[in-house]
Amino acid sequence: MKAREHTDRIVLPDERVAVCGDWHGNQGWARIVARALPHLAPDVTTMLHLGDWWMPPDAFDEIFAETALTRFYLTVGNHEDFGRLSPLFDKYPGEAVRVSEIVWLLPRPARLSIGGRNVLSLGGASSVDRESRTEGVTWWPEEAVSDESVAAAIAGGPADLMLTHESPAGTPVRAVREILRSNPHWFTKAALEASAASRARVGQVWDAVRPELLAHGHMHVAAGGRTEDGRRVASLGREGHEGNVTILDMRTLRMTTPSLATLRGYANDDDGSRRARELRANSVAESLYTGVLDGLKPTPRALRDAQDYIDGLRSLEEILEDVRRRHTRKPDENS
């Protein structure tokens with residue numbers, strides 16, 4: 001693999017970007033995303049990937065050739081081909097490296113400016129399944145988040161958005177905490193200790209740079225949470241599962257996350273046509289799922305409102321007016 005370009009400065013004007021969790025080299029899933037993305041977000045030209053992506057970069061170019069995507073930035077995970085990546089990182093320390101028409105590999109750490117926002121990328125994680133892998137073939141020690149990377153990330157100062165593969169220690173995401181507590185795949189004590197050390201390093205940076213939003217993959221669960229001081233964490237799902245692809249508004253740092261059914265529906269819809277009810281259902285699913293990633297739970301009344309909108313019983317304007325009346329008091333009602 002050769003470097004086509006390298007730089008230590010990435011400044012992008014994008015107001016919206018696509019953010020994706022683990023793909024594990026699944027080109028079939030990449031094609032589904034490529035077919036759906038022009039319908040979901042025709043304005044999006046940049047994708048940020050949160051690691052465990054690895055696939056041939058030229059094949060990736062071909063998959064997204066008929067989309068508006070012009071830039072793909074990889075925050076490396078633990079399941080990457082470090083046998084190919086490490087020589088490039090060693091040759092161009094601290095620089096992003098372009099290895100195909102659109103694929104860029106981000107160093108660890110990396111600083112980007114996107115839509116005026118300060119973005120920190122800190123790749124790497126611990127492979128809890130390393131005991132079933134072969135070092136130098138399917139597992140590399142370079143996967144780890146190093147102390148040097150932690151120090152460099154902290155030295156760069158505050159960030160608005162943090163992109164990682166690994167979850168931070170002390171995560172507010174309940175679903176991630178439950179996975180760590182229950183150990184559903186029966187990983188060994190040594191593997192769990194290595195994982196805890198990896199999360200501690202990410203958590204150290206997270207607490208130091210204090211981003212408004214941290215997005216990560218690795219845990220294969222789509223969920224979100226918020227700390228007491230208001231910092232949000234979004235965990236993205238893996239390929240073929242809910243919450244793998246989200247559209248991030250760089251102005252507000254809010255995510256719009258299409259359901260799996262929406263992604264597959266658009267991918268299989270050659271002419272882009274949609275019945276009105278399907279469109280309303282997809283819109284509601286995306287809105288509700290965005291709330292879930294923010295750690296919120298819809299009320300029964302909100303779900304009834306959503307169903308009325310889907311069924312065409314009330315327009316969106318009527319529902320908003322009803323919500324306004326329910327939550328607005330006249331001046332004499334406050335006395």
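**Briefing: Glu101, Asp61 and the nonpolar cores**

At 53% relative accessibility, Glu101 counts as exposed, because the cut-off for that class is over 50%. The model is a predicted one. Asp61, by contrast, is buried and has no salt bridge. The side chain of Asp61 reaches the backbone nitrogen of Glu101 at 2.8 Å. The points below take these two residues, then the cores, then helix H7.

**Glu101**
- Glu101 sits in a loop, between strand E6 (96-98) and E7.
- Its side chain makes a polar contact with the side chain of Arg4, at 2.9 Å.
- Setting aside neighbours within four places in sequence, Glu101 is in contact with Arg4, Asp61 and Thr70.
- Val245 is 144 residues from Glu101 in sequence. In space the two are 22 Å apart, C-alpha to C-alpha.

**Asp61**
- Asp61 belongs to helix H2, which covers residues 57-63.
- The nearest side chain of opposite charge to Asp61 is Arg4, 5.1 Å away. A salt bridge needs the charged atoms within 4 Å, so this pair does not form one.
- Asp61 touches Ser100, Glu101, Ile102 and Val103, with residues up to four places away in sequence not counted.

**The nonpolar cores**
- In soluble globular proteins, nonpolar side chains tend to be buried together.
- The largest nonpolar core here has 41 residues. Trp23, Met47, Trp53, Phe60 and Phe64 touch the most other members.
- Helices and strands both feed this core. Those that each supply at least two residues include strand E3 (16-20), H2, strand E5 (71-74), helix H3 (82-91) and strand E7 (103-105). Strand E14 (245-249) and helix H7 (260-267) are also among them.
- Helix H1 (27-40) is another supplier. The largest share of the core, eight residues, comes from H1.
- Apart from this core lies another, of 27 residues. Among its members are Val17, Leu106, Ala215 and Leu236.
- Met47 has many partners, not counting residues up to four places away in sequence. They include Ala18, Cys20, Trp23, Val33, Leu37, Phe60 and Phe64. Leu69, Arg71, Phe72 and Tyr73 are also touched by Met47.

**Helix H7**
- Buried residues in H7 are Leu260, Thr262, Leu263, Tyr266 and Ala267.
- Seen down the axis of H7, the buried residues fall within an arc of 165 degrees, so they line one face of the helix.
- An α-helix has 3.6 residues a turn, so residues three or four places apart point the same way.

Methods:
Residues numbered from 1 in each chain as written. Predicted model: local features only at pLDDT ≥ 70, side-chain atom pairs only at ≥ 80, totals over all residues. Heavy atoms only, no water. Helix = DSSP H or I, 4+ residues; strand = E, 2+ residues; numbered from the N terminus. Buried < 20%, exposed > 50% of the residue type's maximum accessible area, 1.4 Å probe, protein only. Lys, Arg positive; Asp, Glu negative; His and termini not counted. Polar contact = N/O pair within 3.5 Å; in protein donor to acceptor, adjacent residues only side chain to side chain. Contact = heavy atoms within 4.5 Å. Core = buried A, V, L, I, M, F, W, Y, C linked by side-chain atoms within 4.5 Å. Arc of directions from axis to C-beta.
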